[in-house]
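Welcome! Please take a moment with the sequence and the 3D view before reading on.

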Amino acid sequence: MSLPARVATLLTAFVAVAVVVTFVAVHFILSSPPVENYAPYASGGQVNVVLQTDPQNTVTNKPDWVSYFIQDPRTKQWVHTTYFEVPAATKVNITIEGYDGCTPLRNPVWGKVTGTIGGVEYVNGQPVSELNSWSGCNVEHTFTMAGLGINVPIASPPTLKEENALCGTSPCTSGPHQVVTFSFMTPAKGGTFRWQCIVPCGGGYVDGNGGPMATPGYMSGQMEVQA
């Protein structure tokens with residue numbers, strides 16, 4: 001091969017690598033899920049944020065990945081995101097509709113409710129301070145925000161019959177599920193607080209820690225606190 005041909009080949013290869021690197025940077029590093037802004041909807045020192053967990057998500061190219069969704073506070077439509085914004089020094093009331101099946105926690109400490117007002121969550125209206133996933137298959141995911149000391153285990157449908165009849169199209173609008181509610185106060189100063197599911201729910205990945213569990217927009221996200 002002549003020198004000009006070799007140079008042309010190397011330049012072509014360089015351009016190809018640059019295109020791949022740019023694609024990865026734009027689509028996987030620089031891009032992020034949309035943010036649902038609840039701040040304008042706060043009233044009386046509090047704001048209501050609504051999420052759901054699904055056993056799959058049929059709105060992306062990864063339909064077998066479990067996922068959270070967040071409700072748009074304006075349209076009430078479900079959006080595939082895990083990013084939301086709330087005001088500072090505000091009581092945040094979270095509602096999570098849990099449509100996924102159970103997965104035992106690796107450590108029972110993640111079954112304890114921490115960081116919420118009163119130290120409890122409410123499962124279908126009943127106050128609960130702990131869910132023991134080792135004594136019964138009753139936890140599907142968690143909402144864990146280490147920066148504020150918050151950990152809330154999300155209850156799963158309680159019977160085997162219900163576990164075998166989970167919603168198959170996301171976002172879920174019907175089917176067996178549990179409703180979990182809890183509240184906490186945002187700090188007086190603004191900031192970004194990351195949250196994640198601690199259940200090893202990344203099926204097919206080493207120790208269940210990859211895939212949806214490690215990906216923003218699926219099982220990890222962040223809360224922006226608006227000062």
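Here is a short briefing on this model, arranged by topic.

The model is predicted. The protein has 227 residues, and 44% of them count as buried. Its secondary structure consists of two helices and 13 strands. The topics below go from the overall picture to the strands, the core, the salt bridge and the cysteines.

**Overall picture**

- The accessible surface of the protein is about 11300 Å², and carbon and sulfur atoms make up 60% of that area.
- Among contacts with a separation of 6 or more, 70% join residues that are 24 or more positions apart.

**The open sheet**

- Seven strands form an open sheet in the order β4-β3-β2-β6-β11-β7-β8, and the pairing is mixed.
- The edges of this sheet are β4 (residues 78-79) and β8, each of which pairs on one side only.
- At the β8 edge, β7 and β8 run antiparallel and are joined by three bridges.
- One pair to look for here is Glu121 with its bridge partner Val128, which sits in β8.

**Strand β9 and its hairpin**

- Strand β9 covers residues 139-145, and seven of its seven residues are buried, so the strand is largely enclosed by the rest of the structure.
- β9 pairs with strand β10 (residues 150-155) in the antiparallel sense, over six bridges.
- His141 has Ile154 of β10 as its bridge partner.
- Four residues lie between the two strands of this hairpin, and Gly149 takes a positive phi near 70°.

**The nonpolar core**

- In soluble globular proteins, nonpolar side chains tend to be buried together.
- The largest nonpolar core here holds 40 residues, and Phe84, Val86, Ile94 and Phe143 are the ones that touch the most other members.
- Which residues does Phe84 contact, leaving aside its neighbours within four places in sequence? Among them are Val35, Tyr38, Val49, Ile70, Ile94, Phe143, Trp195 and Met223.
- The contacts of Phe84 also include Glu36, Gln222 and Glu224.

**The salt bridge**

- Side chains of opposite charge can pair when their charged atoms come close.
- How many salt bridges does a search of the whole structure find? The search finds one.
- Glu130 and Lys112 form a salt bridge, with their closest N and O atoms 3.6 Å apart.
- Glu130 belongs to the loop between β8 (126-128) and β9, while Lys112 belongs to the loop between β6 (91-98) and β7 (121-123), so the pair ties together parts that are 18 residues apart in sequence.
- Both partners are partly exposed: Glu130 has a relative accessible area of 36%, and Lys112 has one of 38%.

**The disulfides**

- The structure holds two disulfides. When the bonded cysteines are numbered in sequence order, the pairing reads 1-2, 3-4.
- One disulfide joins Cys102 and Cys137, whose sulfur atoms are 1.7 Å apart.
- Cys102 is in the loop between β6 and β7 and Cys137 is in the loop between β8 and β9, so this link ties together parts that are 35 residues apart in sequence.
- The link of Cys102 and Cys137 is right-handed, with 100° about the S-S bond.
- Cys102 is partly exposed at 23% relative accessible area, and Cys137 is partly exposed at 37%.
- Another disulfide joins Cys167 and Cys172, with sulfur atoms 2.2 Å apart.
- The torsion about the S-S bond of Cys167 and Cys172 is about -95°, so this disulfide is left-handed.
- Cys167 counts as buried at 10% relative accessibility, and Cys172 is buried with a relative accessible area of 1%.

**Two cysteines without a bond**

- Why is there no bond between Cys197 and Cys201? The sulfur of Cys197 is 3.8 Å from that of Cys201, its closest cysteine sulfur, and this is too far for a bond, because a disulfide needs the two sulfur atoms within 2.5 Å.
- Cys201 is in no disulfide, and its nearest cysteine sulfur is that of Cys197.
- Cys197 counts as buried at 0% relative accessibility, and Cys201 counts as buried at 11%.

Technical notes:
Residues are numbered from 1 along each chain as its sequence is written. This is a predicted model: local features need pLDDT of at least 70, side-chain atom pairs count only at pLDDT 80 or more; totals for chains, interfaces and linings use all residues. Side-chain values use heavy atoms; hydrogens and water are left out. Buried means under 20% relative accessible area, exposed over 50%, partly exposed in between (1.4 Å probe, protein chains only). Contact means heavy atoms within 4.5 Å. Accessible areas come from the Shrake-Rupley method with a 1.4 Å probe; for residues, only the protein chains shown count as cover. Two strands pair if DSSP finds at least two bridges between them. A salt bridge is a side-chain nitrogen of Lys or Arg within 4 Å of a carboxyl oxygen of Asp or Glu. A nonpolar core is a set of buried Ala, Val, Leu, Ile, Met, Phe, Trp, Tyr and Cys residues joined through side-chain atoms within 4.5 Å.
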